[in-house]
Amino acid sequence: MGMGSTMRAVVQRSIGAPEVLKVESWPTPSQPRGDEVLIRIRAGGVCYHDLLVRDGTYRHLVELPLVPGHEIAGDVLAVGEGATRIKVRDQVASTNRETCGQCDLCRTGQEGLCTNQRFFGHNGPGGYAEFAVTRENALSVVPRSIPPEVACVLSCAVGTELHGIRDIGQTKAGDTVLVTGSGGGLGVHGVQVAKLCGAFVVGLTTTAAKASVIRSAGADEVVVVERGERFDKKLREVVPGGFDVICDNVGQPVFDSCFRTLAIGGRYVFIGQLNDRSISFNPAWLLLRNTRLLGSNSSTRRELDEVVRMVDRGLIKPVIDRTMALEDAPMAHRRVMTAEATGRVVLTP
Ligand SMILES: [Zn+2]
Ligand SMILES: [Zn+2]
């Protein structure tokens, strides 16, 4: 490496189909300064979010051309003089963003909302590449017992569900929890988190073939539905009293049916929204049943540290669909787009 050298990276120069993702020579990040860390990326997760950035559904603070991906794991090659926690040769995993660390939101455990952040794969380094430089505050140290393809999914695919189900949804032992998209990269971990919280867990999926994986993740029941079908009656057959917590990784396509199965006092936690369409509902449904609609964004660095320990102790077993080469990024996106993937698809440079 050194000044002027290049690396291989997947570059998105325009909005469009998966084929806009092409491997190119891209400037290697500069040597780390201040509290920055230079990482040789070993694995980068493919998130549905990356598909929304690619097809133009998600545009907020997105700057083209970009290197996609916000789920980064790898080995530390160098650290700036201001780095205090991370050392050369550590294995690290990233949260989704680097933040200012100074503002009130950062200082009150809400760093995901920091207004002075760089989201990886939007306007900062991306995970579909050989190297990245990030601020130390975006990284957790990961023991070598956890391989890099698992390490990269710990923040977004596992931590987001931990944050949404345990912290925002306040799931307690004995609660009934519905997890939508339960065979997908987030959902399959949501099932594990809900089980760990002591809940009776129902997984919702449109892919019958994923039912066994969802059950092994800890679901007590799996409900398979057709796309576009109304399915609240099907859910009521399984849990007549409705759900105390709904962990919704899908959003608008499943809202109407799921919302009607919220129990009295239930919490509906929005974690994912797979399109740009709106929902509508009668407010009486909320006030007559004392229910709450809640939004949950991604996990904090502290939560990532927690997930690392939980995975190291075997409490959570991340589900990796497959690893693919950078050149296969378009194929990886199609696999996620068509819901063929069970668990996370990971790219390895
Ligand atoms: Zn993600
Ligand atoms: Zn901040």
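**Reading a core, a helix and two domains**

Tutor: In this predicted model, the largest nonpolar core has 94 residues, and V177, L178, A194 and C247 touch the most other members. The largest share of this core, seven residues, comes from α4.

Student: Why does this core lie between domain 1 and domain 2?

Tutor: The general idea comes before the case. In soluble globular proteins, nonpolar side chains tend to be buried together. Here, domain 1 (6–153 + 318–348) and domain 2 (159–295) both give residues to the core, so it lies between them.

Student: Which residues is C247 in contact with, leaving aside its neighbours within four places in sequence?

Tutor: C247 is in contact with E161, G164, I165, G169, V177, L178, V179, G190, A194, V269 and I271. Of these contacts, V177, L178 and A194 are named with C247 as the core members that touch the most others.

Student: A194 is also one of the buried residues of α5. How many residues of helix α5 are buried?

Tutor: A residue counts as buried if 20 or more other C-beta atoms lie within 10 Å of its own. Helix α5 covers residues 187–196, and nine of its 10 residues are buried, so it is largely enclosed by the rest of the structure. The buried ones are G187, V188, H189, G190, V191, Q192, V193, A194 and K195.

Student: What do the buried residues of α5 pack against?

Tutor: Their partners are α4 (154–168), β10 (176–179), β11 (200–205), α6 (211–216) and β13 (243–248). Just after α5, G198 takes a positive phi of about 90°.

Student: Take one residue of α5. Why does H189 count as buried?

Tutor: H189 is found in helix α5. It counts as buried because it has 31 C-beta neighbours inside 10 Å, and the cut-off is 20 or more. Not counting residues up to four places away in sequence, H189 touches A157, V158, E161, I316 and P318.

Student: How far apart are H189 and T205 in sequence and in space?

Tutor: H189 and T205 are 16 residues apart in sequence, and their C-alpha atoms are 14 Å apart in space.

Student: Back to the domains. How far apart do the C-alpha centres of domain 1 and domain 2 lie, and how many residues does the contact take from each?

Tutor: The centres lie 28 Å apart. The contact takes 10 residues from domain 1 and 14 residues from domain 2. On the side of domain 1 that touches domain 2, six residues are nonpolar, three polar and one charged.

Conventions:
Residues are numbered from 1 along each chain as its sequence is written. Chains are lettered from A and ligands numbered from 1 in the order in which they are written. This is a predicted model: local features need pLDDT of at least 70, side-chain atom pairs count only at pLDDT 80 or more; totals for chains, interfaces and linings use all residues. A residue is buried if 20 or more other C-beta atoms lie within 10 Å of its own, exposed if 12 or fewer, and partly exposed in between; C-beta atoms are placed from the backbone. Helices (H or I, at least four residues) and strands (E, at least two) are DSSP runs, numbered from the N terminus. Two residues are in contact if their C-beta atoms, placed from the backbone, lie within 7 Å. A nonpolar core is a set of buried Ala, Val, Leu, Ile, Met, Phe, Trp, Tyr and Cys residues joined through C-beta atoms within 7 Å. Domain bounds come from an automatic or database domain assignment. Ala, Val, Leu, Ile, Met, Phe, Trp, Tyr, Cys and Pro count as nonpolar, Asp, Glu, Lys and Arg as charged, and the others, Gly among them, as polar.
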